[in-house]
Amino acid sequence: MRISVLGTGYLGATHAACLAREGYDVVAVDCDPRKVASLAAGRAPFREDGLDDLLRAGIDAGRLCFTTDLHEAAGADVHFLCVGTPETTDPPGRLDLSALWGLVDDLAPLLRRPCLLVGRSTVPAGTAREVRDRVQRSAPAGPEVSVAWNPEFLREGHAVADSVDPHRIVVGTEDAADLVSLREVYRPWLDRDVPFVTTDLATAELAKVSANAMLATRISMVNVLAELCEQAGADVDGLVEVLGGDPRIGRDYLEPGLGFGGSCLPKDLRGLTASAQDAGLAVAADFLRQVDRVNDHQRSRTVALATDLLGGDVRGRRIAVLGAAFKAGSDDLRESPAVDVAGRLAGAGATVLVHDPAAHDVPSDRPWQLVATAAEACTDAELVLVLTPWPEYADLDPARLRRRVRFPRVIDARRALDRERWQQAGWQHWAPGVDAATLPADHRSVATA
Ligand code: UGA
């Protein structure tokens, strides 16, 4: 079976490399020549654990090639559509499907034999049928082409592991023959007992945004509970242990902190909100909006606490921010809560020095400065905020760092630090869900000292 993967972002590139790993011949196409050159040389142009090795193995075995020429993909039996579907800014929550439509329009006239198009991009329900109609319009005399949907659930930074060993494979089809083809494609996974969930097209299209909205809701829920814990003098760690001990609830995605970011959870939550709104489901849309609102509140209250600790005004104050990526293990700054908080503090007049072990591609118009080490960021800082839970920060020596800063106080917004160790080293330590109400009473006087 010949397979093409069209679009080589972290989803497409990983999918292509994993299919080649299972022994398929895969041609992967992207319109960006720089991306293609990098991938063809066995180097992913983004950070993804284990992907470079997999790319090189596929290329060296002669099973994987990258090209900008769509003609080279035309003879495949199965085409995976993996192009990006970014959110439109106006109105927010809608997806820009222009790359998908462009691809379908370009591909359809090239097809010479019956084949299956399998969408993997995140799309609104109804898109698969539109793909099929569009193929027919673009090439009315062309071969028989059917369309299926096969959403992905890959986490950035873990895309290879999540592809090799997914929790489940979801395929939405309209035709029994397409299901047979997809079973054939995923045979190596089925042989490893990976659950194979078959649905109709609309359910498969909705699966991805629903999963991300569910994860976002859990995170906002635990952040609501964290705030309640602070007021009640309760300990959110204990509470999460209790909740997670119930198998109906489970332990994952209950880490309180600065809330969710990245290119997926926020976008998909807004997408689902827009779909609910469009369908006239006002209550559903309101509920989803609240999840987003709770998420934004985590950032606002972190900024408010920082401002409070600095005596009510951050103008001219020197603040260290440790972490810029939207999560540890990623260099991605898109919709990063850390970048947002750093920006809000800098926008209010603070001098903000940011360190991140991976993020180098920072926007040039940022109001904060990126520095090379955590120590440099902390030098003379009046307040330190840990905003991305990199393990490097847990390993920092609080006693040594104390000698660098002007005042030893830290907002551990991601609960990345060993609180006791930092307190023993003389730091005032604040973490969500633990002690907003029990900050040392003198923190204001320290702040203004
Ligand atoms: C997410 C989903 O987890 C994937 O299943 C999905 O395929 C992907 O989006 C996508 O749509 O492509 P990702 O964006 O890589 O993956 O990020 P996550 O690892 O899920 O983390 C999302 C955000 O939630 C991060 O900012 C993280 O720090 C935060 N988070 C996560 C919490 O605040 N608390 C938690 O308990 C877990």
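In which helix does Leu 228 lie? Leu 228 lies in helix 9, and the first view below is drawn around this residue.

All views show a predicted model, in which local features need pLDDT of at least 70 and side-chain atom pairs count only at pLDDT 80 or more, while totals for chains, interfaces and linings use all residues. Residues are numbered from 1 along each chain as its sequence is written, and side-chain values use heavy atoms, with hydrogens and water left out.

**View 1. Leu 228 in helix 9.** Helices (DSSP runs of H or I, at least four residues) and strands (DSSP runs of E, at least two residues) are numbered from the N terminus. Leu 228 counts as exposed because its relative accessibility is 53%, where buried means under 20% relative accessible area, exposed over 50% and partly exposed in between, with a 1.4 Å probe and protein chains only. Although Leu 228 and Val 434 are 206 residues apart in sequence, their C-alpha atoms are 9.7 Å apart in space.

**View 2. The cysteines Cys 229 and Cys 264.** Cys 229 counts as buried, because its relative accessibility is 4%, whereas Cys 264, at 22%, counts as partly exposed. The structure holds zero disulfides, a disulfide being a pair of cysteine sulfur atoms within 2.5 Å.

**View 3. The crossing of helix 9 and helix 11.** The axes of helix 9 (residues 201-232) and helix 11 (residues 265-278) come within 8 Å and cross at roughly 110°; axes are lines fitted to C-alpha atoms, for helices over the stretch in contact, and angles run from 0 to 180 degrees between N-to-C directions. The two helices are therefore roughly perpendicular to each other, a term for angles of 65 to 115 degrees, with angles under 35 degrees counting as roughly parallel, over 145 as roughly antiparallel and the rest as oblique. Contact means heavy atoms within 4.5 Å. On the side of helix 11, Leu 265, Asp 268, Leu 269 and Leu 272 meet residues of helix 9, among them Leu 206, Lys 208, Asn 212 and Ile 219. The residues of this contact divide into nine nonpolar, two polar and two charged, where Ala, Val, Leu, Ile, Met, Phe, Trp, Tyr, Cys and Pro count as nonpolar, Asp, Glu, Lys and Arg as charged, and the others, Gly among them, as polar.

**View 4. The surroundings of Gly 172 in strand 7.** Gly 172 lies in strand 7 (residues 169-172) and, because its relative accessibility is 0%, counts as buried. Leaving aside its neighbours within four places in sequence, Gly 172 is in contact with Ala 148, Trp 149, Thr 199, Asp 200, Leu 201 and Ala 204. Thr 203 is 31 residues away from Gly 172 in sequence and 6.9 Å away in space, C-alpha to C-alpha.

**View 5. The open sheet of six strands.** The strands follow the order 11-10-9-12-13-14, with parallel pairing; two strands pair if DSSP finds at least two bridges between them. Strand 11 (369-371) and strand 14 (428-430) stand at the edges with a single partner strand each, so one side of each is left without a neighbour in the sheet. On average, and with direction ignored, neighbouring strands of this sheet are turned by 25° against each other.

**View 6. Strand 13 and its partners.** Strand 13 (residues 409-412) pairs with strand 14 in the parallel sense over three bridges, and strand 12 and strand 13 also pair in the parallel sense over three bridges. Val 410 has His 429 as its bridge partner in strand 14, while Val 384 has Val 410 as its bridge partner in strand 13. Both faces of strand 13 are covered, with Arg 409 and Ile 411 buried on one side and Val 410 and Asp 412 buried on the other. Helix 12 (residues 282-309) lies across strand 12 (383-386), strand 13 and strand 14, and runs at about 170° to strand 13.

**View 7. Positive phi at Asp 380 and Arg 415.** Asp 380, in the loop between helix 14 (374-378) and strand 12, has a phi near 65°, a positive value in a residue other than glycine. Arg 415, in the loop between strand 13 and helix 17 (419-424), has a positive phi of about 55° although it is not a glycine. Asp 380 counts as partly exposed at 43% relative accessibility, whereas Arg 415 counts as buried at 17%.
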